[in-house]
Amino acid sequence: MDALRNKYLGLIADAADEAAIEDVRIAALGKKGEISLKMRELGGMSPEERQVAGPALNALKDEINSALAAKKAALADAALDARLREEWLDVTLPGRPRPAGTLHPISQVTEEVTAIFADMGFAVAEGPQIDSDWYNFDALNIPGHHPARAEMDTFYMHRAPGDNRPPHVLRTHTSPVQIRTMERIGAPLRVIAPGRVYRADYDQTHTPMFHQVEGLAIDTDISMANLKWCLEEFVKAYFEVDHVDLRFRASHFPFTEPSAEVDIRCSWEGGTLKVGQGDDWLEILGSGMVHPKVLQAANVDPAKWQGFAFGLGIDRIAMLKYGIPDLRAFFDSDLRWLRHYGFAALDVPTLHGGLSR
Ligand code: DAH
């Protein structure tokens, strides 16, 4: 009995997998198994012998059965452990950026412009897209009868019937943020204000909603020379070239005196636009020295402070830099277009790391 027990417990301990266990079970307890045959011998024994051998054999059979079950369970556990080790995954690894979603060129260019002016000490300011006619026009020295109001194709908001105050407008430019920022933080200041603006206009180069960046620098000793230097530095950094020719053209805006529009030298050879060479000029922004009446409207003393301002079309310079021929495509939400012109969302533009890489 002891020899049988040792033999089968040993075989069970050595079994490496479920098939080996089954072999041991058959060899011991199958129809022709060694222990089954021994049980059959009970019939030929004397009653006294059977009384001793019967319970002993049954106990042995139970012992082997439970050893088999225990080994089976241990093997299943080991198999599960092995599988868990195999399928192990480090959830602390950084995620892979997914190329499916991209940054819209307008967002990309806004980030680029912001990075460049931040480097020159300009903070970012914001204002509401629905504004009063005072902020959008009067405070900027554009009185009610001024032709600029008609030229801007303004969208007006409704007033309740019987409310005779002037209607609010969808801002036609980012210039009202000049007034709001001077009211809020006074002088000196240096800010840019990127954002959406609205005009009733629609063709290949005009959409009813588009984007501008306003710039404003107020201090005690600011001149056109500072304006020119800042804009030249900006244009070189933005187009990622060492040299650009800019043309400052005398112009007129109600909120600046003197005023200048800025053109950039470019060529259209072979239908593609190249910045910094050629014989063509392309207008990219309006600018000037802030009109004393504008400072006054924002409670900044024009006897002590002066400054420059500029307004730049974001969509315009995005089309120029990235070779996008039709402005309307910006707002079509065409996935193929977005995939083609979009930017990797995690590549934040910086001056040291590269703006558009
Ligand atoms: N607000 C003008 C426009 O939308 C652009 C502009 C011109 C802004 C001259 C300025 C400026 O700050 O000084 O057409």
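Trainee: Which strands each supply at least two residues of the shell around the ligand?

Mentor: In this predicted model, strand S6 (209–219), strand S10 (280–290) and strand S11 (306–313) each do so. A residue belongs to the shell if one of its heavy atoms lies within 4 Å of the ligand.

Trainee: Which residues of the shell come nearest to the ligand?

Mentor: The shell holds 15 residues, and those that come nearest are His173, Ser175, Arg199, Gln212 and Glu214.

Trainee: How is the shell around the ligand divided by class?

Mentor: Nine of its residues are polar, four are nonpolar and two are charged. Glycine is placed among the polar residues in this scheme.

Trainee: Which polar side-chain atoms lie 2.5 Å and 2.8 Å from an oxygen atom of the ligand?

Mentor: A polar contact is read from a pair of N or O atoms within 3.5 Å. At 2.5 Å from a ligand oxygen there is a polar side-chain atom of glutamate 214. Arginine 199 places a polar side-chain atom 2.8 Å from an oxygen of the ligand. For glutamine 178, the corresponding distance to a ligand oxygen is 3.1 Å.

Trainee: How much of the ligand does the protein bury?

Mentor: The ligand taken alone exposes 350 Å², of which the protein buries 91%. The space that the ligand takes is also the largest pocket.

Trainee: How should salt bridges be read, and how many are there by this rule?

Mentor: Side chains of opposite charge can pair when their charged atoms come close. The rule requires a side-chain nitrogen of Lys or Arg within 4 Å of a carboxyl oxygen of Asp or Glu, and the count comes to 21 salt bridges. One of them joins the side chains of aspartate 138 and arginine 149, with an N to O distance of 2.8 Å. This pair links distant parts of the chain, 11 residues apart: aspartate 138 is in the loop between helix H6 (133–136) and helix H7 (147–151), and arginine 149 is in helix H7.

Trainee: What is the phi value of asparagine 141, and where does this residue lie?

Mentor: Its phi is near 65 degrees, a positive value in a residue other than glycine. Asparagine 141 lies in the loop between H6 and H7.

Trainee: Where are cis peptide bonds found, and what is omega there?

Mentor: One cis bond joins alanine 187 and proline 188, with omega about -5 degrees. Proline 188 has its place in the loop between helix H8 (176–185) and strand S5 (189–198). Another runs from glutamate 257 to proline 258, where omega is near -5 degrees. Proline 258 is found in strand S8 (residues 256–267).

Technical notes: Residues are numbered from 1 along each chain as its sequence is written. This is a predicted model: local features need pLDDT of at least 70, side-chain atom pairs count only at pLDDT 80 or more; totals for chains, interfaces and linings use all residues. Side-chain values use heavy atoms; hydrogens and water are left out. A polar contact is a pair of N or O atoms within 3.5 Å; within protein, one must be able to donate a hydrogen and the other to accept it, and residues adjacent in sequence count only if both atoms are side-chain atoms. Accessible areas come from the Shrake-Rupley method with a 1.4 Å probe; for residues, only the protein chains shown count as cover. On a 1 Å grid over the protein atoms alone, a cavity is a set of points where a 1.4 Å probe fits but cannot get out, and a pocket is an open set with protein on both sides within 12 Å along at least five of seven lines; lining residues have an atom within 4 Å of a point. A molecule sits in a cavity or pocket if more than half of its atoms lie within 2 Å of its grid points. Helices (H or I, at least four residues) and strands (E, at least two) are DSSP runs, numbered from the N terminus.
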